[in-house]
Amino acid sequence: MKVLYFHQHFSTPQGSTGTRSYEMARRLIARGHHVTMVCGSGFMAVTGLECEPRNGLRRGRVDGIDVIEICLPYSNYDSLGKRALIFIKFALKSISVAWREDYDVLYATSTPLTAGIPGILMRILKPGKKFIFEVRDLWPELPRAMGVVTNPFVLGGLWALEQFSYAAMNAGVALSPGIREGMRKGGGAGKTVAMIPNGCDLDLFRPGTLYGAEGEVQLPSIPETGLRCIFTGAHGIANGLDAVLDSARILKEKKRSDIHLLFIGDGKLKPHLKQRAAEEGLGNCLFLDPIPKTMLARFLQRVDVGMMILDNVPAFYYGTSPNKFFDYISCGLPVLNNYPGWLAGLITEHRCGIAVPPENPTAFADALISLADKPEMRWQMGQNSRKLAEHEFSRDQLADQLVSFLERPMVGAGFQGVRLSEVKDN
């Protein structure tokens with residue numbers, strides 16, 4: 001089977017962002033399939049290609065993946081308008097790639113929502129080919145709920161594109177329960193949608209100490225004692241990191257200088273967060289630069305708690321599947337979560353951390369104090385985290401589900417998909 005895989009933000013583990021598409025592509029190849037990955041020049045992403053561009057494209061083989069990089073630099077620091085323009089340009093260039101390439105299955109993953117445009121058109125121009133649409137965030141529900149996009153005409157256009165994508169797809173893949181329900185409504189009614197969340201790279205992210213190896217790259221300096229709590233990932237509006245600084249102020253007032261809050265990553269609001277911490281004298285907050293995922297795996301072995309933070313937007317509760325959660329539990333870290341939803345339910349059910357109410361910095365600070373003062377409880381939560389990672393979210397297990405799902409459309413004359421009873425319903 002030849003898979004033409006579109007992911008604008010694709011990255012190898014050498015980048016500082018998620019690697020789901022890389023890992024899934026490698027496992028498709030291991031099962032004997034051919035994968036061509038079409039991507040952009042993403043923010044904190046590393047495609048693995050170093051050749052000079054020709055006609056705005058780079059092409060080469062990276063770990064067995066045939067990678068086509070459309071040279072459109074993208075950054076979270078760009079304005080909303082500039083980012084939207086890059087998304088549209090990428091979609092338009094992707095159409096020409098999809099028309100030229102030979103494939104059996106076109107697999108497109110959002111965000112952005114414009115990732116579905118090549119699949120929609122190829123369903124018309126190449127009706128015998130299959131289109132599988134993977135959704136990582138619900139659009140336009142999330143930007144509308146956050147107030148990022150308010151123009152009714154833009155929202156209407158996004159809604160129409162969403163419905164066209166669901167109507168054109170042969171089947172879909174959702175990364176969370178809420179995303180799956182959203183896909184199965186409207187344009188996706190009657191379509192098979194598998195819920196395959198982000199997974200745990202158990203060999204890369206693991207508990208223990210792996211330091212002192214020859215050629216070890218120097219990791220960022222962090223406090224050697226006290227409770228070290230980490231947030232990894234984007235520092236944007238959706239992440240609501242001001243809430244953590246509110247808790248940091250409470251910890252300062254309580255004179256809990258033994259609790260350190262570490263932020264590793266980048267994003268549009270990072271300068272604001274650093275300035276606020278400096279102005280308020282929050283010495284318990286430390287902001288670090290992004291590091292490659294391979295280094296991040298080692299870095300997480302040096303901390304004690306993983307922080308899951310999002311702004312209090314109900315659409316987030318069941319509509320996200322953050323990479324950081326799966327990295328934390330892979331490393332056996334207890335997770336402190338500040339918003340309700342399916343991940344908060346997992347944390348509570350499996351006793352692998354603490355879930356506190358949203359917009360309650362006092363409860364968040366009290367949870368941090370509890371984790372600092374009860375090392376036995378923290379240790380047991382960490383053990384439970386790793387067990388959850390191994391038993392429910394192994395990347396190999398989830399990748400096998402995805403590969404099997406993609407192989408099904410090639411059986412028989414029509415697409416039968418998988419029964420919903422066969423799909424994990426976390």
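In what order do the strands of the open sheet run, and with what pairing? I started my notebook there. The model is predicted.

**Sheet**

I traced an open sheet of eight strands in the order 3-4-2-1-5-6-7-8. The pairing is mixed. I then looked for the edges. Strand 3 (57-62) and strand 8 (193-195) stand there, and each has a single partner strand, so one side of each lacks a neighbour in the sheet. I also checked the twist. Neighbouring strands are turned by 20° against each other on average, direction ignored.

Next I took the pairing of strand 7 (residues 171-174) with strand 8. These two run in the parallel sense, over three bridges. Which residue of strand 8 is the bridge partner of Gly172? I found Val193 in that place. As a reminder to myself, sheet strands pair through backbone hydrogen bonds, parallel or antiparallel.

**Aromatic pairs**

How many aromatic pairs does the structure hold? I noted eight. I looked up two of them.

One of them joins Tyr5 and Tyr107, with 4.8 Å centre to centre and 55° between the planes. I entered this pair as tilted. Tyr5 sits in strand 1 (residues 2-6) and Tyr107 in strand 5 (residues 105-109). The two are 102 residues apart, and the pair links distant parts of the chain. Buried or exposed, for Tyr5 and Tyr107? Both are buried.

Why is the pair of Phe133 and Tyr166 tilted? The ring centres are 6.2 Å apart and the planes stand at 50°. An angle from 30 to 60 degrees counts as tilted, so Phe133 and Tyr166 fall in that class. Phe133 belongs to strand 6 (residues 130-135), Tyr166 to helix 5 (residues 152-168). They are 33 residues apart, so I logged this pair too as a link between distant parts of the chain. Both Phe133 and Tyr166 are buried. I then added Phe131, which forms one aromatic cluster with Phe133 and Tyr166.

I also recorded a charge over a ring. Lys129 lies over the face of Tyr103, at 6.0 Å from the ring centre.

**Nonpolar cores**

Which residues have the most contacts inside the largest nonpolar core? I listed Leu261, Phe263, Cys285, Leu300, Phe325 and Ile329. This core has 96 residues. Helix 13 (residues 361-373) gives the most to it, with seven residues. I followed Cys285 further. Not counting residues up to four places away in sequence, Cys285 touches Leu245, Ala248, Leu261, Phe263 and Ala277.

Apart from the largest core lies another, of 34 residues. Phe43, Phe131, Ala168 and Val193 are among them. Phe131 I had already met in the aromatic cluster, and Val193 as the bridge partner of Gly172. In soluble globular proteins, nonpolar side chains tend to be buried together.

**Two single residues**

I looked up Leu161 in helix 5. Why does Leu161 count as buried? Its relative accessible area is 15%, and buried means under 20%. Leaving aside neighbours within four places in sequence, Leu161 is in contact with Leu113, Thr114, Ile117 and Ile120. I also took a distance to Thr17, 144 residues away along the chain: the C-alpha atoms are separated by 26 Å.

Last came Ser79. I placed it in the loop between strand 4 (65-73) and helix 2 (80-100). At 40% relative accessibility, Ser79 counts as partly exposed. From Ser79 to Ala189 I noted 35 Å, C-alpha to C-alpha, with their positions 110 residues apart in sequence.

Notes
Residues are numbered from 1 along each chain as its sequence is written. This is a predicted model: local features need pLDDT of at least 70, side-chain atom pairs count only at pLDDT 80 or more; totals for chains, interfaces and linings use all residues. Side-chain values use heavy atoms; hydrogens and water are left out. Rings of Phe, Tyr and Trp (its six-membered ring) pair if their centres lie within 6.5 Å; planes under 30 degrees apart count as stacked, over 60 as edge-to-face and the rest as tilted. Helices (H or I, at least four residues) and strands (E, at least two) are DSSP runs, numbered from the N terminus. Buried means under 20% relative accessible area, exposed over 50%, partly exposed in between (1.4 Å probe, protein chains only). A charge sits over a ring if NZ of Lys or CZ of Arg is within 6 Å of the ring centre and within 35 degrees of the ring normal. A nonpolar core is a set of buried Ala, Val, Leu, Ile, Met, Phe, Trp, Tyr and Cys residues joined through side-chain atoms within 4.5 Å. Contact means heavy atoms within 4.5 Å. Two strands pair if DSSP finds at least two bridges between them. Axes are lines fitted to C-alpha atoms, for helices over the stretch in contact, and angles run from 0 to 180 degrees between N-to-C directions.
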